[in-house]
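User: Could you walk me through this structure step by step? I am new to reading protein models.

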Amino acid sequence: MPQRPKRPNRARGEKSTLWLVFLWSGFFGVLAAVWRAIIAPSGPFSIRTWFHICVDVARARLAAPSWNVRPLEQVTERAVAIVTGGNSGIGFETARGLWLAGYNVILACRSENRGQEACKQILETERHPSASAKRGTLTVLPLDLSELSSVVAFVERYHQRWKTLDLLVLNAGIMSPFRYEETAQGYEAHLGVNHLAQYLLVRLLMDMLEQRRGRVVLVSSILALLADDLSWHGPQWSRQGQWPFMAYGWSKAYNYMLSLELQRRGLDARCVHPGEVRTEVVRRLPSWVQRAYTWIGSFVLRTPAEGAATVLFACFAPLADDADERAVSTPSKSARTPSGNQSEQEVTALTVAQREALILDAGTRFLAMPLWMRAPANTQQLWMLSEHAVEPYLRTSTGS
Ligand SMILES: NC(=O)c1ccc[n+]([C@@H]2O[C@H](COP(=O)([O-])OP(=O)(O)OC[C@H]3O[C@@H](n4cnc5c(N)ncnc54)[C@H](OP(=O)(O)O)[C@@H]3O)[C@@H](O)[C@H]2O)c1
């Protein structure tokens, strides 16, 4: 029988070496990815991110705040508050809470009809046991955050009627995880609506807020943790084709970073995550997902009033002076006391350190956000990029 020619040993050896290199590099690649997932403070591939999100969802209903948060001090008769997106969900309950506490509340809504409808519903709560004896006013002003000129028009209308501002609640927002959308100015919709337009609004109202030592409350989300330091080369404003779910996370991270930058610029700003709340925030999802969300949500998610409790806490909690920091550094148990007796219902003051945290659960839980999000260099960069993006609108506004 003719013998098959033998392959040279050398060629076989080279091939197996290549395989070994391939296998080892795969092994080390997986190890590196696991290690990165363990140590990453945030981002879609961080264990910490998903741990916090899972814990938050699990305790949304279980640990839902079941009390009304009220201000410690009397709200003055002329106190004015703006709530963006005050016609539905968390914004509606926040507007109602502020009005019950005696604020003159302006509901900044993109649909005036829906805003008026919300006012009617709020007025029906007039006999609410916790309603303040002094009744503020309720006003609807049109504001469409997907169009920057609408923000300028809103501020001009506001200036015509009101000379002061005590509280600005930046609540309105969209979540469109599967569909890429753009604003009138061509920005990715989450970036444009959830951050840029809100930035412009703060900038145009900043003088008024400073005059009265007013406060800004930004409604962010725990999904801000989806943003990661590796992709932070300054926000990539025109991320065409970017997965919109990530864009939502980034916009919520910008909310948080903006609140820090506002603080650094001397304004009293706070950022909250209201928990997972059953609202219309899923309206851009397929209808079967919405139905499932509503059904499952009735067991595990918070009601809008429970979600608004955290926002109202941020609106009312007094800020501790540095000197008092130690005295109030632990959120007091009394903040967990159900409403009814104002003296029992002491709202814990926020320390300077706590202001650097995302507030969860009506102020009784604070989640430290990753260092890169808190780094002044990054928050300043966000400020500069946002300033550059809205600059033409700052110039056209008479209020600036
Ligand atoms: N629900 C949650 O589980 C959850 C969790 C974390 C954070 N959040 C945040 O909480 C905030 C409030 O959301 P929600 O849950 O209460 O949802 P929602 O019921 O959908 O309320 C969103 C509000 O924003 C308004 N809005 C949307 N696009 C606007 C635009 N272009 N111009 C002006 N207003 C606009 C909506 O007005 P229309 O009614 O006219 O659309 C609505 O009033 C959002 O910032 C959201 O990201 C929610």
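Here is a friendly set of questions and answers about this predicted model.

User: Which residues come nearest to the ligand?
Analyst: Happy to start there, and keep in mind that the model is predicted. The ligand has 29 residues around it. Among these 29, the ones that come nearest are Arg110, Arg114, Tyr248, Thr279 and Arg283.

User: How many charged residues does the shell around the ligand have?
Analyst: Let's go through the shell class by class. It has 12 polar residues and 10 nonpolar ones. The charged residues in the shell number 7.

User: Which helices each supply at least two residues of the shell around the ligand?
Analyst: Here we look for helices that give at least two residues to the shell. One of them covers residues 89–100 and the other covers 244–264. They are helix H3 and helix H7.

User: How far is an oxygen atom of the ligand from an N or O atom in the side chain of Arg283?
Analyst: A polar contact is a pair of N or O atoms within 3.5 Å. The side chain of Ser88 gives one example, with an N or O atom 2.7 Å from a ligand oxygen. For the side chain of Arg283, the distance to an oxygen atom of the ligand is 2.5 Å.

User: What share of the ligand's exposed area does the protein bury?
Analyst: Imagine the ligand taken alone: it then exposes 880 Å². The part of that area buried by the protein is 97%.

User: Which residue has a polar backbone atom 3.4 Å from a nitrogen atom of the ligand?
Analyst: This contact involves the backbone, whereas the Ser88 contact involves a side chain. The ligand atom here is a nitrogen, and the distance is 3.4 Å. The backbone atom belongs to Ser146.

User: Is strand E1 largely enclosed or open?
Analyst: Buried means under 20% relative accessible area. On one face of E1, Val80, Ile82 and Thr84 are buried, and on the other face Ala81 and Val83 are buried too. Since 5 of the 5 residues of E1 are buried, the strand is largely enclosed.

User: What is the handedness of the crossover from E1 through H3 to E2?
Analyst: E1 and E2 run parallel and are joined by 5 bridges. Within this pair, Ala81 stands opposite Val105. The chain passes from E1 through H3 to E2, and this β-α-β crossover is right-handed.

User: In E4, what is the bridge partner of Ile82?
Analyst: E1 also pairs with E4, which covers residues 167–170. These two strands run parallel, with 3 bridges between them. Across from Ile82, the bridge partner in E4 is Leu168.

User: How many residues lie between E7 and E8 in their hairpin?
Analyst: E7 and E8 run antiparallel, joined by 4 bridges. One bridge pairs Leu358 with Leu367. Asp361 in the turn has a positive phi of about 50 degrees. Between the two strands of the hairpin, the number of residues is 4.

User: Is Ala362 buried or exposed?
Analyst: Ala362 sits in the loop between E7 and E8. Its phi is near 45 degrees, a positive value in a residue other than glycine. With a relative accessibility of 1%, Ala362 counts as buried.

User: Is Arg213 buried or exposed?
Analyst: Arg213 is placed in the loop between helix H6 and strand E5. Although Arg213 is not a glycine, it has a positive phi of about 50 degrees. Exposed means over 50% relative accessible area. At 77%, Arg213 is exposed.

User: Which residue's backbone nitrogen lies 2.9 Å from a polar atom of the side chain of Asn104?
Analyst: Asn104 belongs to strand E2. At 13% relative accessibility, this residue counts as buried. The backbone nitrogen 2.9 Å from its side-chain polar atom is that of Thr137.

User: How far apart are the C-alpha atoms of Asp229 and Ser42?
Analyst: Asp229 is in the loop between E5 and H7, and at 29% relative accessibility it counts as partly exposed. Along the chain, Asp229 and Ser42 are 187 residues apart. In space, their C-alpha atoms are separated by 7.4 Å.

How values were computed: Residues numbered from 1 in each chain as written. Predicted model: local features only at pLDDT ≥ 70, side-chain atom pairs only at ≥ 80, totals over all residues. Heavy atoms only, no water. Near = heavy atom within 4 Å. Polar contact = N/O pair within 3.5 Å; in protein donor to acceptor, adjacent residues only side chain to side chain. Areas by Shrake-Rupley, 256 points an atom, 1.4 Å probe, with all protein chains shown as cover. Nonpolar A, V, L, I, M, F, W, Y, C, P; charged D, E, K, R; others polar. Buried < 20%, exposed > 50% of the residue type's maximum accessible area, 1.4 Å probe, protein only. Pairing = 2+ DSSP bridges. Right-handed = clockwise from strand over helix to strand, strands pointing away.
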